[in-house]
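Reader: Could you walk me through this model, please, starting with the basics and then going into some details?

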Amino acid sequence: MTAAAADSCRTIDDLSSAYAVTVSRKRKQFLISGAVLAAVTLIAGWMAEVDLVLFFSNIHKFPNYISRIFILDSGNLKGSLVIFDILGWFWGIGKWLRLLADTLLIAYVATMIGAIFGFIACFFAAGNLGVSTPLRFAVRRYLEFCRTVPELVFALIFVLAFGLGPIAGVLAIIVHTTGALGKLFYEVIENIDQKPVEGLISSGASWTKTMRFAVLPQVLSNFISYALLRFEINVRGASVMGFVGAGGIGQDLIEAIRKFYYPDVSAILLLIIVTVAIIDLVTERIRHRFIAQGH
Amino acid sequence: MNGDDGYSALEETALRTRYRTSFGANDRTGYVITALAAALLVFGLWHLGFSFTKFLNGLANLGNFITLMFPPSWGDTASLLRLLKALGETVAIAFLGTMLAAVIALPLSFLAANNTTVSQILRFFARRSFDTLRGVDTLVWALIWVNVVGLGPFAGVLAIAISDIGSFGKLFSEAIEASDRKPVEGVIASGGSRLHAIRFGILPQVSPVLISQYLYYFESNTRSATIIGIVGAGGIGLQLSEQIRTLEWQTVCFIIIMILITVSIIDLISTRLRIAISGNAGTTI
């Protein structure tokens with residue numbers, strides 16, 4: 001054996017032992033994290049009252065429920081699939097479409113007003129516009145509070161204050177939208193090009209003028225895009241506002257589920273899913289146009 | 001016209017016709033859209049029954065509630081323990097629901113990804129099922145699961161799991177489709193099977209992405225789990241809606257503060273972990 005071959009042999013031995021060490025360390029790490037994960041899962045399962053016996057003895061009810069909402073429970077064709085009697089299935093279409101329109105209006109009004117509030121707030125929350133630190137801190141914490149408390153919690157409280165009906169829903173979504181959009185908006189502002197701002201300040205423009213001519217043109221297309229995305233989210237949110245009495249189609253949906261009007265559940269769900277899908281498509285088109293314009 | 005700007009009227013007209021959009025030829029459509037949007041806003045407020053007197057009365061009520069909220073209080077020790085247990089339930093619901101969803105969605109997402117699917121028909125079905133699962137709100141799933149396993153946090157776990165299977169399926173399959181083909185080709189070229197290619201070619205690439213998405217959803221599900229109790233599926237939401245209905249404003253305030261603290265702690269942990277994982281992503285691949 002030559003010296004060179006012996007040398008390469010040693011290198012390979014070194015390599016394979018180093019490989020073994022690395023692999024065993026990785027395996028050990030993997031095992032430890034797996035054990036921790038398993039322990040946490042067991043504790044969480046105990047806390048969440050997970051009952052596998054109950055689950056497997058009742059699981060047949062789930063497909064039963066799903067199939068039952070697609071079977072007519074009254075009329076001449078009782079017991080047959082809903083698609084054989086579309087009119088009977090969608091017997092409440094007039095009322096449901098009206099409630100769906102209400103839902104869309106709730107989402108629209110709340111998105112618009114929430115976006116206006118978020119728009120005003122974001123100029124005071126952005127770190128690069130020379131706003132005093134205490135004010136910025138206060139505005140940011142306020143926005144954080146608005147978006148962390150779930151909409152439905154606000155809705156529950158507003159229903160008591162403003163009475164049952166869509167206004168409570170609108171206000172709840174406004175608060176949440178202000179928090180969510182305010183944050184996205186100030187992050188957009190923090191990423192702008194500072195040169196136009198410096199240019200305007202150096203030519204003696206006031207703060208509002210600087211915002212109008214240096215900041216706004218850079219951020220507006222992004223703002224509109226985010227607001228449209230929020231509208232889409234808010235339509236989903238508004239469709240369950242009725243669960244706590246805050247208006248929209250959720251009212252009829254929860255009634256149908258609670259009172260076991262099975263085919264109504266599928267009819268209303270289908271209406272909601274189709275509406276949300278259409279809005280997804282339309283807003284995505286518009287958003288792409290705005291984003292294309294912005295660049 | 002604007003002699004001091006160095007343009008003659010003729011030049012300006014030429015510029016205006018050439019750069020229509022910059023000179024605000026679009027302004028008119030902009031104004032029309034803004035006017036329509038404002039009109040729809042006013043119509044919406046009117047149609048939804050908005051009135052200033054009602055609004056002011058409501059604000060007065062709300063102000064009243066808020067003054068009643070302070071100082072926040074948890075009532076007696078028994079009620080504090082109940083609230084803490086409910087909060088623990090909430091976190092457990094979010095944790096287990098997200099995990100169950102991820103475990104079920106992972107194999108399905110390979111079926112839904114263009115580069116790993118077994119057949120296009122299966123891929124189509126997988127994608128449409130994900131869309132349907134995502135299309136139904138978590139609260140509706142919760143109501144359905146309450147019919148199956150009864151009231152309690154277990155229904156909440158299953159509700160979060162089933163609606164997140166849809167979200168994870170979509171996100172995971174997109175991550176798989178975006179993965180680099182070269183490692184897969186390498187494994188196949190050195191004689192590996194399809195499963196080997198997935199295990200050694202794709203999984204190491206996508207796992208940091210999947211874990212960070214998991215953490216992100218855990219975070220957002222903690223928020224969802226706080227309200228899932230409103231429809232009887234366990235967690236702090238049940239306590240919260242009860243306290244609101246019985247007008248125990250001090251306890252309501254305490255619960256809201258508890259939720260805020262919990263959510264921000266989980267935000268913090270998951271952000272830390274996500275940064276750690278994406279920071280290490282380069283070295284683990």
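Author: What follows is a short chat about one chain's make-up, its helices, the nonpolar core and one loop residue. This is a predicted model, in which local features need pLDDT of at least 70 and side-chain atom pairs count only at pLDDT 80 or more, while totals for chains, interfaces and linings use all residues. Residues are numbered from 1 along each chain as its sequence is written, and chains are lettered from A and ligands numbered from 1 in the order in which they are written.

Reader: How many helices and strands are there in chain B?
Author: Chain B has eleven helices and zero strands, where helices (H or I, at least four residues) and strands (E, at least two) are DSSP runs numbered from the N terminus. Chain B is more spread out than a compact globule, because its radius of gyration is 27 Å, well over the 19 Å that the globule rule gives for 285 residues; the radius is taken over C-alpha atoms, and the rule is 2.2 Å times the number of residues to the power 0.38.

Reader: And what does the C-alpha trace of chain B span along its principal axes?
Author: The trace spans about 80 × 75 × 35 Å.

Reader: How much of chain B is buried?
Author: Buried residues are 37% of the 285 in chain B, buried meaning that 20 or more other C-beta atoms, placed from the backbone, lie within 10 Å of a residue's own (exposed is 12 or fewer, partly exposed in between).

Reader: Switching to helix α10 of chain B, why is it largely enclosed?
Author: Eight of the ten residues of α10(B), residues 236–245, are buried, so the rest of the structure largely encloses this helix. Among the buried ones are B:I236, B:L238 and B:L240, and the helix is followed by B:L247, whose phi is positive, near 60°.

Reader: Which residues touch the most other members of the largest nonpolar core?
Author: Of its 146 residues, those are A:A155, A:F158, B:A142, B:W145 and B:A159; such a core is a set of buried Ala, Val, Leu, Ile, Met, Phe, Trp, Tyr and Cys residues joined through C-beta atoms within 7 Å.

Reader: Last one: is A:V50 buried or exposed?
Author: A:V50 counts as buried because it has 22 C-beta neighbours inside 10 Å, and its place is in the loop between α1 (3–47) and α2 (52–58) of chain A. Not counting residues up to four places away in sequence, A:V50 touches A:G45, B:L96, B:F154 and B:V157, contact meaning C-beta atoms, placed from the backbone, within 7 Å.

Note on methods:
Contact = placed C-beta atoms within 7 Å.
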